Amino acid sequence: LTGDIVTEPPAKESWYRIAKIFEEAKIPWCVTLGNHDAEIDVANRSEIFSIIDTLPYFIGERGLENIEGAGNYVLPVKASNSEKIAALLYCIDTNNKPSNPNYWHYDWVHFNQIEWYRKTSESYRKSDDGNSIPALMFLHIPLIEYNNIVGQETTAGIQKEGVASSDINSGLFSSLIEMADVMGVFCGHDHGNDYIGIDKNIALAFGGRS
């Protein structure tokens, strides 16, 4: 789930209702939090993970305490016929609002988060004899590079609003290019958008509220 999932109180009971859907379907699930998820009756984003951490079929993580945000983690996907790791799912917290209003309305992925991704990617590469392991990345607020796919012939889907990215280019996209493992980035945030395009051979996609 790519954020803005529970936006009205009571948060705890609402997350339980969300979890019930996956429990009945017996489907593992994980979350990257939206900017609205922590704006109701919870103290902060970490508290949300303390609510959902033990819920049935939840496989996400709060992540490391010493980097920005809550919900920076990677989920390895094993091959169907062995214990070999065949793919990786990165979840990155895009936070909420910057502390300084001069930096516009939305926060960005911070350097220590990008550093964590790069080190994690390199660690998996070394464990697979130097080969990049195919990966997808999930977050809430779109990267500023999403503007590059608007109106392109290779972009398909429904666009009902603009790209509400951070005004700051965090540099995450350049790291995706350099690490050469993430094939596609999927975000939420702009709830009227449900489209996908390609920039620098990386898929950039909206998924509505999912």
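What follows is a short chat about this predicted model.

Reader: Before we start, what are the ground rules here?
Author: This is a predicted model: local features need pLDDT of at least 70, side-chain atom pairs count only at pLDDT 80 or more, and totals for chains, interfaces and linings use all residues. Residues are numbered from 1 along each chain as its sequence is written, and side-chain values use heavy atoms, with hydrogens and water left out.

Reader: OK, the sheet. What's the strand order?
Author: The order is 1-2-3-5-7-6-4, in an open sheet of seven strands with mixed pairing. Strands are DSSP runs of E, at least two residues, and helices are runs of H or I, at least four; both are numbered from the N terminus. Two strands pair if DSSP finds at least two bridges between them.

Reader: Which strands are at the edges?
Author: Strand 1 (73-78) and strand 4 (156-158). Each pairs on one side only.

Reader: And the twist, what does it average?
Author: It averages 20° from one strand to the next.

Reader: How do strand 1 and strand 2 run, parallel or antiparallel?
Author: Antiparallel, with six bridges joining strand 1 to strand 2 (residues 85-91). Valine 77 has alanine 87 in strand 2 as its bridge partner.

Reader: Now strand 7. How many of its residues are buried?
Author: Five of the five, so strand 7 is largely enclosed by the rest of the structure. Buried means under 20% relative accessible area, exposed means over 50%, and partly exposed is in between (1.4 Å probe, protein chains only).

Reader: Which way do those side chains point?
Author: Ile202, Leu204 and Phe206 point one way from strand 7, and Ala203 and Ala205 point the other way. That fits a general pattern: in a regular strand the side chains alternate between the two faces of the sheet.

Reader: What pairs with strand 7?
Author: Strand 5 runs parallel to strand 7, joined by four bridges. There, glycine 184 has alanine 203 as its bridge partner. Strand 6 (residues 194-199) pairs with strand 7 in the antiparallel sense, also over four bridges. Isoleucine 196 stands opposite alanine 205.

Reader: What's in the turn of that hairpin?
Author: Two residues lie between strand 6 and strand 7, and lysine 200 in the turn has a positive phi of about 55°. Asparagine 201 is in that loop and has a positive phi of about 70°. At 74% relative accessibility, asparagine 201 counts as exposed. In general, most residues other than glycine have a negative phi.

Reader: Switching to helices. What does helix 3 lie across?
Author: Helix 3 (residues 111-127) lies across strand 1, strand 2, strand 3 (135-138) and strand 5 (182-187). Helix 3 runs at about 175° to strand 2. Axes are lines fitted to C-alpha atoms, for helices over the stretch in contact, and angles run from 0 to 180 degrees between N-to-C directions.

Reader: And helix 2, which residues are buried?
Author: In helix 2 (residues 45-52), Arg45, Ile48, Phe49, Ile51 and Ile52 are buried. Down the axis they fall within an arc of 155°, so they line one face of the helix. The arc is that of the directions from the helix axis to the C-beta atoms. Their cover includes helix 1 (11-25) and strand 1.

Reader: How many residues are in the largest nonpolar core?
Author: It has 29, and those with the most contacts inside it are Tyr90, Tyr117, Met137, Leu172, Leu176 and Val185. A nonpolar core is a set of buried Ala, Val, Leu, Ile, Met, Phe, Trp, Tyr and Cys residues joined through side-chain atoms within 4.5 Å. Apart from it lies another core, of 23 residues, including Ile48 and Phe49.

Reader: Back to single residues. Is histidine 140 buried or exposed?
Author: Buried, at 0% relative accessibility. Histidine 140 sits in the loop between strand 3 and strand 4.

Reader: What does its side chain join up with?
Author: A polar contact of 3.1 Å joins the side chains of histidine 140 and histidine 189. A polar contact is a pair of N or O atoms within 3.5 Å; within protein, one must be able to donate a hydrogen and the other to accept it, and residues adjacent in sequence count only if both atoms are side-chain atoms.

Notes:
Contact means heavy atoms within 4.5 Å.
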